Amino acid sequence: MLPALAFFTAFGLVPLVGVLLLSFTSWNGIGEITPIGFENWVAVLSDPGLVHSLGVTFLIMALSWLVQTPMSILFGVFIAGQHRYRSVLAVLYFTPLLLSSAAIAITYKALLDPNFGLGASLGIPLLVQNWLGDPVLAIATVVFVVSWQFIPFHSLIYQGAVRQIPASLYEAARIDGAGRVRQFFSITLPQLKYTMITSSTLIVAGSMTLFDLIFVLTLGGPSDATRVLALDMYLRGFRGNMMGPASVIALIIVVVAVLLAMGVQRLGGKDANESQLEGA
Amino acid sequence: MDQKRVSRRSFLALAMAAPIGASALAACGTSGPGQARAGEASIWYLTGQPQEGLRKASVDAFNAAHPDGQLAATFFENDAYKTRIRTAVGANQAPTVIWTWGGGGLRDYVRNGQVDDLTDWFAQNPDVKSKRFATSFPAATIDGKIYAVPCEQVSPIVMFYNKQLFEQVGAQPPTTWGELMALVPVFQNAQIAPISLAGQSRWTNMMWLEFLFDRQGGPEVFDAIAAGEPNAWSNPAAIAGLTKVQDLVRAGGFVNGFQSIAADANADQALLHQGRAAMMLHGAWTYGSMKEEGGDFVPSGKLGWIPFPAIEGGAGDPSTGVGNPASFVALSSKASDEQKAIALEYFKSGLLTDADIDGWVASGAVPIVNGVDSKFSGPDAPFQQFVYDSATQAKSWVHSWDQALLPGPADEMLRNIEQLFSLSITPEQFATNMNAVPTS
């Protein structure tokens, strides 16, 4: 327990305390650090840009969840099953998981170029849009690329969970005359409840801190359309050279992420100690 | 039995922990990337051929001539460098020689005591000063003292155009703003994008405003902004410039989807040399990259260049230069005396040597050396002469805005420029937003 605690303290708590202290100072990165009290907090909390960033973050979070969860469940169920070519397809599905976010973003940026990208080169007019330059399309593109990268990860989680569902439940349902679809909605989904909680917590926490993909893809998007909180923090601190307000945003991210994660856990948590095993 | 099991487990744990611990400690001791060994001076340069090769060659030549005072060079990509150098300077891990664009970024270092004053050194080495263009020193001079040595090439912003496409539609390159606007529908009818622009990079959009402000109202317009005068952005000439650029966007002057195109991959240059766009406003350094990447576009003479059009009734001087007057190298004040000595020796005898100058000229660039036009020969000579004349005959010079301003206001400005070009804010809103940002 002690090594883990030491690790967490050194790399988690100490920087957090450092950022907390920085949020009460004024620092441009290369000069003196001067304490200025609550000025940064007042400035950031009354900045409409903060509300906008929060809105964009929650929008991308919600869309990511809506896209990733159904597809991950379906993929997970498929991979856990006994279909033909399952193992080959499983390997292909997991490839995005092996790539770095920055590499994925650079590749998609080249593919989505309106003049030299995929659509233009293959001659598909539908794919030649202002993907990264139109605010609405930019958000859709970000959600698409994020989902492309992380659906394999969540499929992995769901696959493990589906494998654990006792086959006897399905047998009993089959004897009672339930079809495949009915079995899915009445057996598989309810059994996946806690896995969904886990997966959703990861999506929520991940969306709050998502940075590198959006940074490379849109740098905050056309007119701040994809300026999520993590990006806002970086741009204020390292491009705008205002470390104090950036620290405030960092702390906001931590607080909101923790609250959301606790909220998701609470959603399934009332009967957290209830076992789902038959006979228990 | 129990004792043996425990000791084997703990032995294995120790065996796995030892290399991890050792490497962690080792990382503390040795130098990280970009740090020189003790007694060695370090310099961080930008990547990007052909400049990277020339920089490396100059460092190698210096090291060969100075075996007991070596210089270690590390190369970084442009945007990554901007963030990295600030973080390094702030953490007291700056390289001995700090490469900079001068102007506001340098002013920031000076204000925080991070670079040394070189005025006396220039007094002791007058030939270093007289060798270089006079127009290259203002961007290195803060509060009357010189804090950096100009080097490398002058990069004015040039209006490039595709001669083949102009012949195809039977048009002449524009000399006034009215002619430019009139060309837009002509090219659109021929299914050619009138102007190529990498809108996502934002500083490319900024170049248009730099010219428009100057052509409309002369250098005083931006000088007032850089000096931090109140409501400097609401100057009627500034508003007129902002309005004109929005007119051009509305008329469809820029290539479709320009907000998605980024300059890093040279996608905007590709539009010009692939014959998809007719004109492009860009830095002179792109001549070198178009020569390398454009196939026979440059050698066959399809690339044309003109000064930025004048604005009818504008107060600006068409000879004004806009862009980067030079690159600069500054001396970190936190370096040791030994490292500083090596760096100063490099400034004196390692930069802009004859071999260095020949290398820059051969790549199609114009190094900032007085009289270098006598060395222009070969296919790049017409362009080089154009750049040399622009640089030496300019009565005034507009330093690239995002370098002239301090980094914080510069970033705010780029944000507003992006919104201006997306037509999401009006010129008046732009002025209001920028007036509220402290520029000093």
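# A tour from strand β3 to the chain A–chain B interface

Start in chain B and select β3(B) together with strand β12 (residues 327-331): the two pair in the antiparallel sense, over four bridges. Keep in mind throughout that you are looking at a predicted model. To see one of the contacts in register, pick Trp99(B); its bridge partner in β12(B) is Val329(B).

Now add strand β1 (residues 41-46) of chain B. Here the direction is parallel, and two bridges join β1(B) to β3(B). Trp44(B) is the residue to show, as it stands opposite Ile98(B) in β3(B).

With these strands on screen, turn on the side chains of β3(B), residues 97-100. In a regular strand, side chains alternate between the two faces of the sheet. Which residues of β3(B) lie on each side, and are they buried or exposed? Val97(B) and Trp99(B) are on one side, Ile98(B) and Thr100(B) on the other, and all are buried, so both faces of the strand are covered.

**Salt bridges within chain B**

Side chains of opposite charge can pair when their charged atoms come close. Over all chains, the structure holds 16 salt bridges. Three in chain B make good stops.

Select Asp108(B) and Arg86(B) for the first stop: their side chains meet in a salt bridge, at 2.9 Å from N to O. This pair links distant parts of the chain, with Asp108(B) in helix α4 (residues 104-111) and Arg86(B) in helix α3 (residues 78-90), 22 residues apart. Asp108(B) has 8% relative accessibility, so it counts as buried. Arg86(B) is buried too, with a relative accessible area of 11%.

Next, go to Arg202(B) and Asp411(B), a salt bridge whose closest N and O atoms are 3.9 Å apart. These partners are 209 residues apart: Arg202(B) sits in the loop between β8 (193-196) and α9 (203-217) of chain B, and Asp411(B) in helix α18 of chain B. Arg202(B) is buried, at a relative accessible area of 8%, and Asp411(B) counts as buried at 11% relative accessibility.

The third stop is Lys375(B) with Asp358(B), where the closest N and O atoms of the salt bridge are 3.1 Å apart. Lys375(B) belongs to the loop between α15 and α16 (381-393) of chain B, while Asp358(B) is in helix α15, and 17 residues separate them. Are these two buried or partly exposed? Lys375(B) is partly exposed, with a relative accessible area of 34%, and so is Asp358(B), with 40%.

**Two leucines with positive phi**

Most residues other than glycine have a negative phi. Select Leu352(B), in the loop between α14 (337-349) and α15 (354-362) of chain B; its phi is near 55 degrees, a positive value. At 1% relative accessibility, Leu352(B) counts as buried.

Then move to Leu423(B), in the loop between α18 (407-421) and α19 (427-435) of chain B. Leu423(B) has a positive phi of about 65 degrees, and this leucine is partly exposed, with a relative accessible area of 36%.

**Over to chain A**

Show chain A as a cartoon and you will find 13 helices and two strands. Its C-alpha atoms fill a box of roughly 75 × 55 × 35 Å, taken along the principal axes. Of the 280 residues in chain A, 41% are buried. Among its contacts between residues at least 6 apart in sequence, 68% join residues at least 24 apart.

**Where the chains meet**

Finally, display both chains and select the residues in contact: 28 from chain A and 32 from chain B. The area buried between the two chains is about 2,300 Å², and carbon and sulfur atoms give 44% of that.

How many salt bridges cross this interface? The rule finds one. Select Arg415(B) and Asp224(A) to see their side chains meet, at 2.5 Å from N to O. The interface of chain A and chain B also has 14 residue pairs in polar contact, with both residues at pLDDT 80 or more. For the side of chain A that touches chain B, color helix α12 (residues 229-239) of chain A, which gives the most to that side, with four residues. By class, that side of chain A has 11 nonpolar, 11 polar and six charged residues.

How values were computed. Residues numbered from 1 in each chain as written. Chains lettered and ligands numbered in written order. Predicted model: local features only at pLDDT ≥ 70, side-chain atom pairs only at ≥ 80, totals over all residues. Heavy atoms only, no water. Buried < 20%, exposed > 50% of the residue type's maximum accessible area, 1.4 Å probe, protein only. Pairing = 2+ DSSP bridges. Contact = heavy atoms within 4.5 Å. Buried area = accessible area lost by both parts, 1.4 Å probe. Salt bridge = Lys/Arg side-chain N within 4 Å of Asp/Glu carboxyl O. Polar contact = N/O pair within 3.5 Å; in protein donor to acceptor, adjacent residues only side chain to side chain. Nonpolar A, V, L, I, M, F, W, Y, C, P; charged D, E, K, R; others polar.
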